[in-house]
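Let's take a friendly walk through a protein model, from its empty spaces to its unusual backbone spots. Please keep the sequence and the 3D view at hand as you read.

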Amino acid sequence: MRFAHLILDPHSAPVLVAIDADRYVALRDLGEAFGTLQHLIEAGDAALERVRAAAASLPADAWKPVADTEHAPAVIGAPIVLAVGLNYDEHASELSLDNDSGPVLFSLFPNSLGAHGGQVPLDAEVSEEVDYEGELGVIIGKPAKNVTAEEALDYVFGYTAINDVTARNIQFQEPQWSRCKSFDGFTPIGPVVVTADQIPDPQALALTTDVNGLRVQDSTTGFMIRTVAQLIASISQQATLLPGTVISTGSPGGAGRSRKPPLYLRPGTEVTVTIEGIGALTSHCVEA
């Protein structure tokens, strides 16, 4: 299944919906009172199966057009958003950073989560070197601690697309990377979360990023240094990954900093991250 949070009218809070192509149905209309995807994940496999069965039995005219709505972040209220740096050799090389020691792990502030079709505010006084990074996002479905790589994918609820927007000047000024990637709106996520059964192999997905229509990243998740399963196994050692935890798995090469001249985001720039089997996540850069 595919899930999203949609704003059905300008004065309403986001509503959890199931998505079928360009149509949606609110879970509350399926008799399932889950306010967010986080609540559904915490309810477990039985709740997901109820939702799946209810959606499958709906008549065609019960679905409504997504075009009449506005997206909210595909993830709301996650226990934590973790990001993995330098998980593609080409990206590590273009930034001249070492990725030999193990996964580079950092957390992202919840205020950074943004929506498909939403805005990324840019403050030139803070940074004129704001970069894009298209990444595969993984959502954990049940508590994961000390799991092995062989069993790790059994703990995945689903997958999404992420743009890990980064203020490069701050990234290279400070010894940690959380702040430079956690400004308001710097983590667009969505447009949907696709359940794991729809993505049989997370290491076989095409991933592209376009900036104002220019293809700047064109790769596949098969080039990850550490697979999704290996990342979950590593991060979960003596640290329980709670249901709803988001892991952004790293960006392939093609970052704006590496281009000559550099291609940084500016007010008016449109960025689209597209991942096979998930969809296209578009963001609009604006002046803060």
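A residue is called buried when its relative accessible area is under 20%, exposed when it is over 50%, and partly exposed in between, using a 1.4 Å probe and the protein chains only. What you see is a predicted model, in which local features need pLDDT of at least 70 and side-chain atom pairs count only at pLDDT 80 or more, while totals for chains, interfaces and linings use all residues. Residues are numbered from 1 along each chain as its sequence is written, and side-chain values use heavy atoms, with hydrogens and water left out.

**A buried asparagine**

Let's begin with Asn 163, which is buried, with a relative accessible area of 2%. Asn 163 sits in strand β12; strands here are DSSP runs of E with at least two residues, helices are runs of H or I with at least four, and both are numbered from the N terminus. Contact means heavy atoms within 4.5 Å. Setting aside neighbours within four places in sequence, the contacts of Asn 163 include Tyr 132, Glu 133 and Gly 134, as well as Phe 186, Thr 187 and Pro 188. Val 271, Val 273 and Leu 281 are also among them.

Another buried residue is Glu 32, with 10% relative accessibility. Glu 32 belongs to the loop between β3 (23-26) and α1. Not counting residues up to four places away in sequence, Glu 32 touches Leu 27, Arg 50 and Val 51.

**Helix α2**

Val 51 turns up again in α2, where the buried residues are Ala 47, Leu 48, Val 51, Ala 54 and Ala 55. These residues lie on the same side of α2, because they cover an arc of only 130° around the axis; the arc is that of the directions from the helix axis to the C-beta atoms. The buried residues of α2 pack against β1 (2-7), α1, β12 and β14 (187-195). Turned away from that buried side is a face with the exposed residues Asp 45, Ala 46 and Ala 56.

How far does α2 reach from its first C-alpha to its last? The helix has twelve residues and spans 16 Å, close to the 16 Å expected at 1.5 Å a residue. The expected span is 1.5 Å times one less than the number of residues.

**Empty spaces**

To find spaces, a 1 Å grid is laid over the protein atoms alone: a cavity is a set of points where a 1.4 Å probe fits but cannot get out, a pocket is an open set with protein on both sides within 12 Å along at least five of seven lines, and lining residues have an atom within 4 Å of a point. Grid points are joined across faces, edges and corners, and a volume is the space filled by probe spheres set on the points.

The largest pocket holds about 280 Å³ of space. Of its 16 lining residues, Asp 45, Leu 48, Asp 154, Val 156 and Phe 157 lie nearest the centre. α1 (37-43), α2 (45-56) and β12 (156-163) each supply at least two lining residues, and α2 gives the largest share, four residues.

There are two cavities of 30 Å³ or more, and the second largest has a volume of about 30 Å³. Its lining is made up of Leu 37, Gln 38, Ile 41, Val 75, Ile 76, Ile 139 and Gly 244, with α1 giving the most, three residues.

The table sorts both linings by class: Ala, Val, Leu, Ile, Met, Phe, Trp, Tyr, Cys and Pro count as nonpolar, Asp, Glu, Lys and Arg as charged, and the others, Gly among them, as polar.

| Space | Nonpolar | Polar | Charged |
|---|---|---|---|
| Largest pocket | seven residues | three residues | six residues |
| Second largest cavity | five residues | two residues | no residues |

**Unusual backbone spots**

Most residues other than glycine have a negative phi, and most peptide bonds are trans. Asn 146 is not a glycine, yet its phi is positive, about 55°. Asn 146 lies in the loop between β11 (134-140) and β12 and is partly exposed, at 33% relative accessibility. Gln 238, also not a glycine, has a positive phi of about 60°. This glutamine is in the loop between α5 (228-235) and β17, and Gln 238 is exposed, with a relative accessible area of 61%.

Where are the cis peptide bonds described here? One joins Gly 190 and Pro 191, with omega about 0°, and Pro 191 is in strand β14. Another runs from Lys 260 to Pro 261, with omega near -5°; Pro 261 is in the loop between β17 (246-248) and β18 (270-275).
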